[in-house]
Amino acid sequence: MEVTFSIRRLNPDADQPASYFQEYELELEDSSTVLDGLIKIREEVDGTLALRCSCRSAICGSCAMRINGEAGLACNTKVIDAKPRNGAPIVIEPAGNMEVIKDLVVDFQPFWDKIRAVEPWLQHGGAPPEQEYIVSNESMVHLAGVMSCIMCGACVSDCTVLEVDSNFLGPAALAKAYRFASDPRDDADNSRLGMLNQYGGVWDCTRCLKCIEVCPKDVAPMDRIMALRDMTIEAGYTNTNGARHAEAFSDSVKHSGWLNELMLPIKTFGITNIKEMLKLARVGLRAEQVGKVPPIFHKSIPGVQNVKRIFEKVEKKR
Ligand code: SF4
Ligand code: SF4
Ligand code: FES
């Protein structure tokens, strides 16, 4: 199979380092992966190409990069699947949201710093058990999904919040935090959840789903973040914009069957928060100009009792 790779390159040793695309035409087997192609370039065509890889089997997590604009592992992406049908090149770029060291190699230090920040080890305050920790099979099966993270950073690469706010802990670190917060052997729940409740923690995710889409191991980081949100509220951390927003949202839907858009921001920020209320007033004025102001009198939808029944069933199950 003939294929062209268009690779974003960056040489830090150049006088004025600037990234550029370089094309390579290759002859590959139909079964080849993108990583096979990159290794062929490095070994047979251009020894200056820098990339990271090790296991070639989607285990070590070192070959995450952007392929045609989306993060993934080069070693488990087949060239035949990545090759655009219109004959255009396969575009290969370094992982996003991390500084490029050279070509496809990025600096993982901030990634590891954030993983370390969530204290990814079991913490047990009391005396250790006489023999061993006994946990139920179900609780470990539940953790197996999140424990399959290979620290590849694909989720971090494509996280839409990290693009604009590097303070956000990010999907990989928060999934790791969930792994320990929900382990029955760990009893540091309160301090963990208190830390995750701060700026940069669980409430900063915008639920864009991108980390779920790109994770090669189905860790579903966003779902873990949502579970952590529930855990923080259940632990009594309710005095945050995020917790108030979640409560006001579900309260409105439960009682009227739909969202009261006028009251949601007021309940989230609090009427006494002058700064936020002034911002909201400006948004309200703009909404008024384009005829988008929500109704002042919020009426229930017909059949709201059915919505209430759903809430009651869910609440009973908890
Ligand atoms: S769902 Fe949240 S954590 Fe995941 S990529 Fe989007 S903003 Fe980032
Ligand atoms: S959660 Fe998934 S995408 Fe993120 S680092 Fe772990 S394995 Fe990679
Ligand atoms: S080389 Fe190990 S995950 Fe790709």
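Ligand 1 sits in the second largest cavity of this predicted model. About 80 Å³ of space lies in that cavity, and its lining counts 14 residues, with C159, C205, R207, C208 and C211 nearest the centre. Helix 8 and helix 9 are the elements that give two or more residues to this lining. Sorted by class, the lining of the second largest cavity comes out as 10 nonpolar, two polar and two charged residues.

Turning from the cavity to the ligand itself, the shell around ligand 1 holds 14 residues, and C159, C205, C208, C211 and M222 come nearest. At least two residues of this shell are supplied by helix 8, which spans 210-214, and at least two by helix 9, which spans 221-234. The class make-up of the shell around ligand 1 is 10 nonpolar, two polar and two charged residues. Cysteines thus turn up by name in both lists: C159, C205, C208 and C211 are among the residues nearest ligand 1, and they are also among those nearest the centre of the second largest cavity.

What about the other enclosed space? A search of the whole structure turns up two cavities of 30 Å³ or more. The largest cavity holds about 100 Å³ of space, and that space is taken by ligand 2. Its lining is made of 13 residues, and those lying nearest the centre are C149, C152, C155, C215 and V219. By class, the lining of the largest cavity splits into 11 nonpolar residues, one polar and one charged.

The residues that surround ligand 2 can be listed in full: C149, I150, M151, C152, G153, A154, C155, A172, C215, P216, V219 and P221. In this shell 11 residues are nonpolar, one is polar and none is charged. The lining of the largest cavity, by contrast, does include one charged residue. One of the cysteines around ligand 2, C215, is buried, because its relative accessible area is 14%, and buried means under 20%.

With so many cysteines named, disulfides are the obvious next topic. The structure holds zero of them. C53 shows how a cysteine can miss out: the closest cysteine sulfur to its own belongs to C63 and is 7.2 Å away, which is too far for a bond because a disulfide needs the two sulfur atoms within 2.5 Å. C53 has a relative accessible area of 25%, so it counts as partly exposed.

Open pockets come next. The largest pocket has about 980 Å³ of space. It is lined by 27 residues, and D230, I233, A246, E247 and S250 are the closest to its centre. Three elements give two or more residues to this lining, namely helix 9, helix 10 (241-256) and helix 13 (304-317). Helix 10 has the largest share, with 10 residues. Helix 9 therefore has a part in two places, since it gives two or more residues to the lining of the largest pocket and also supplies at least two residues of the shell around ligand 1. The lining of the largest pocket divides into 10 nonpolar, six polar and 11 charged residues.

The second largest pocket has a volume of about 360 Å³. Of its 13 lining residues, E261, L262, L280, G284 and P294 are the closest to the centre. Helix 11 and helix 12 each bring at least two residues to this lining, and helix 12 gives the most, with six. As for class, 10 of the lining residues of the second largest pocket are nonpolar, one is polar and two are charged.

The loop between these two helices, helix 11 (263-269) and helix 12 (274-289), is the place of I271. Is this residue buried or exposed? I271 counts as exposed, because its relative accessibility is 59% and the cut-off is over 50%. Along the chain I271 is 32 residues from G303, and the C-alpha atoms of the two are separated by 31 Å.

Notes
Residues numbered from 1 in each chain as written. Chains lettered and ligands numbered in written order. Predicted model: local features only at pLDDT ≥ 70, side-chain atom pairs only at ≥ 80, totals over all residues. Heavy atoms only, no water. Near = heavy atom within 4 Å. 1 Å grid on protein atoms, 1.4 Å probe; cavity = no way out; pocket = protein on both sides within 12 Å on 5 of 7 lines; lining within 4 Å. Sits in = over half its atoms within 2 Å of the grid points. Helix = DSSP H or I, 4+ residues; strand = E, 2+ residues; numbered from the N terminus. Nonpolar A, V, L, I, M, F, W, Y, C, P; charged D, E, K, R; others polar. Points joined across faces, edges and corners; volume = space filled by probe spheres on them. Buried < 20%, exposed > 50% of the residue type's maximum accessible area, 1.4 Å probe, protein only.
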